[in-house]
Every structure is written in C-alpha cells, then in structure tokens.
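Trainee: I should like to take a close look at a single part of this protein. Could you guide me through one strand and its surroundings?

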Amino acid sequence: MQRRLQRLVDRVFLTLTASREDATHYWQMRNNSTLAVRQPPLPVKTFRRLAGLIRSDGHAVVFGSVPTALALMDLGCKVSLIESDPGRAFGAEFHTREGQHDLLSVRVIDRGNSQGRQEYAHAYSGLPEQSQLVIIAGRNRRAVCRDVIASAPKGSTVVIARGGREKYRDLRDSLRQSLISFNVDVGPAADGGARRTSALIATL
C-alpha cells in the first residue's frame with residue numbers, strides 16, 4: 001500500500017512540476033530496469049579494481065553513469081554524480097537505497113550550449129572535495145579528462161568507460177606525459193549484459 005501511495009505521489013509531483021515530455025522522461029528513469037540492476041557498464045575486472053580502491057578512498061566522482069554511482073554506493077562509497085540529464089539524476093536519487101542518501105550528491109549541468117559544456121568539462125575542479133577516484137562516461141570525455149588531470153591529486157585513478165580503442169589511443173597519446181601508468185580492460189560487462197565492453201584505467 002505504501003509503495004502504491006509513493007508511486008501516486010511521484011506521478012502527481014512530476015505532472016505538476018514538469019512539462020508533459022519531461023514528466024514522461026522522469027517516469028521512465030524512475031522505472032528504468034538498468035538502474036534497478038545497480039551494476040556499472042564496465043568490464044568485470046575494472047569494477048573489481050574499483051572495489052579494491054574504495055577501501056583506501058571513500059569518495060568517487062562519477063560523470064554520466066548512474067548505474068556506476070549506485071554500484072559504488074552499495075560498496076559504501078560516497079559519490080559525487082555529475083549528470084547532464086535531469087531525468088537520469090532523478091533516477092539516481094529514486095534508486096538510492098534507504099540509508100544511502102548521505103552517500104550521494106548530484107549536480108545537473110545542462111550541456112545544451114557552449115557555456116554549459118564548459119561548465120560540465122570543469123565540474124571536477126569546481127568540487128569542494130576532489131576525489132582520487134574519477135569515473136568518466138557519457139560524452140565530452142576528453143575535455144572532462146583534461147580538467148581532472150590538471151586538478152586531481154597525484155596518485156589519483158581515472159577510469160574512462162566505453163570509449164572504444166581508437167578513442168582510447170588518441171586520448172592516451174594526448175595525455176601521455178601526465179600519466180604514470182595506464183591500461184585498457186576489455187571483457188564482459190559487470191551489469192550482466194551479453195556484450196563485451198571496455199575501459200581505460202589511468203594512474204596520475
């Protein structure tokens with residue numbers, strides 16, 4: 001009964017506060033099965049590396065991947081989620097489990113214009129607490145990565161998700177002097193999908 005009442009409250013809230021198109025999108029994110037799985041679209045071995053890092057660094061910054069943010073919170077990690085889509089940000093907050101709300105902070109930045117894209121690219125350096133673990137997914141990876149590398153403490157780990165081998169090579173070559181080490185993981189995704197996926201893991 002309580003769950004049905006909450007669904008009704010959510011629907012009324014979205015209907016009153018958002019346009020019809022936005023309300024539909026928010027509702028889809030609320031019921032998104034991918035978010036419910038709470039596993040990142042990263043190779044299994046990459047996520048195991050992240051799980052090991054969480055023990056030494058209790059805070060991560062995640063760009064554009066709600067499932068990754070949820071999975072890290074399940075490991076007890078505090079997460080700063082940078083998202084360009086208000087609907088996905090709503091989905092992240094909705095799927096945050098009871099007792100985890102103190103672990104999540106969300107910032108939504110509209111990338112629909114040049115100013116917004118610049119703000120998104122420099123979101124890491126603008127954070128009050130700059131984590132040593134950063135996961136970058138979604139678009140605008142190179143600009144975000146440059147800002148992270150310029151601002152992150154030495155010893156930080158940067159994971160770039162699903163960039164494709166050519167993009168990884170290009171990014172790696174352009175940033176080579178800033179990186180102590182890097183490698184590319186390729187393998188089955190941690191979210192249980194049949195596809196293979198990839199991630200670049202770099203140490204600054």
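Which residue in β7 does V158 stand opposite?

Mentor: V158 stands opposite A202 in β7. Before the details, please note that this is a predicted model.

Let us begin with the strand itself. Strand β5 covers residues 157–161, and five of its five residues are buried. On one side lie T157, V159 and A161, and on the other V158 and I160; these residues are all buried, and both faces of β5 are thus covered. The general background is that side chains in a regular strand alternate between the two faces of the sheet.

Next, consider the strands that pair with β5. Strand β4, residues 133–136, pairs with β5 in the parallel sense over four bridges. Within this pairing, I135 has V159 of β5 as its bridge partner. Strand β7, residues 196–203, runs antiparallel to β5, and five bridges join the two. The pair you asked about, V158 and A202, links β5 with β7.

The connection between β4 and β5 also deserves attention. Together with helix α8, which spans residues 141–151, these two strands make a β-α-β unit that is right-handed.

For a second example of a buried strand residue, turn to S80 in strand β2, which comprises residues 78–83. S80 counts as buried because its relative accessibility is 10%, and the cut-off for buried is under 20%. The side chain of S80 forms a polar contact of 2.9 Å with the side chain of H59. Leaving aside neighbours within four places in sequence, the contacts of S80 include A60, V61, V62, S105 and L127 as well as H59.

These parts may now be placed in the whole protein. Its secondary structure consists of nine helices and seven strands. Of its 204 residues, 47% count as buried. Among contacts with a separation of 6 or more, 61% are between residues 24 or more positions apart. The accessible surface is about 11,100 Å², and carbon and sulfur atoms account for 48% of it.

Finally, a word on confidence. The mean pLDDT of the protein is 76, and 69% of its residues reach 70 or more. Over residues 1–9 the pLDDT is below 50, and this stretch has four contacts in the model beyond near neighbours in sequence. Residues 11–18 also have a pLDDT below 50, with six contacts in the model beyond near neighbours in sequence. Where pLDDT is low, the predicted coordinates should not be read in detail.

How values were computed:
Residues numbered from 1 in each chain as written. Predicted model: local features only at pLDDT ≥ 70, side-chain atom pairs only at ≥ 80, totals over all residues. Heavy atoms only, no water. Buried < 20%, exposed > 50% of the residue type's maximum accessible area, 1.4 Å probe, protein only. Contact = heavy atoms within 4.5 Å. Areas by Shrake-Rupley, 256 points an atom, 1.4 Å probe, with all protein chains shown as cover. Pairing = 2+ DSSP bridges. Right-handed = clockwise from strand over helix to strand, strands pointing away. Polar contact = N/O pair within 3.5 Å; in protein donor to acceptor, adjacent residues only side chain to side chain. pLDDT = per-residue confidence, 0-100.
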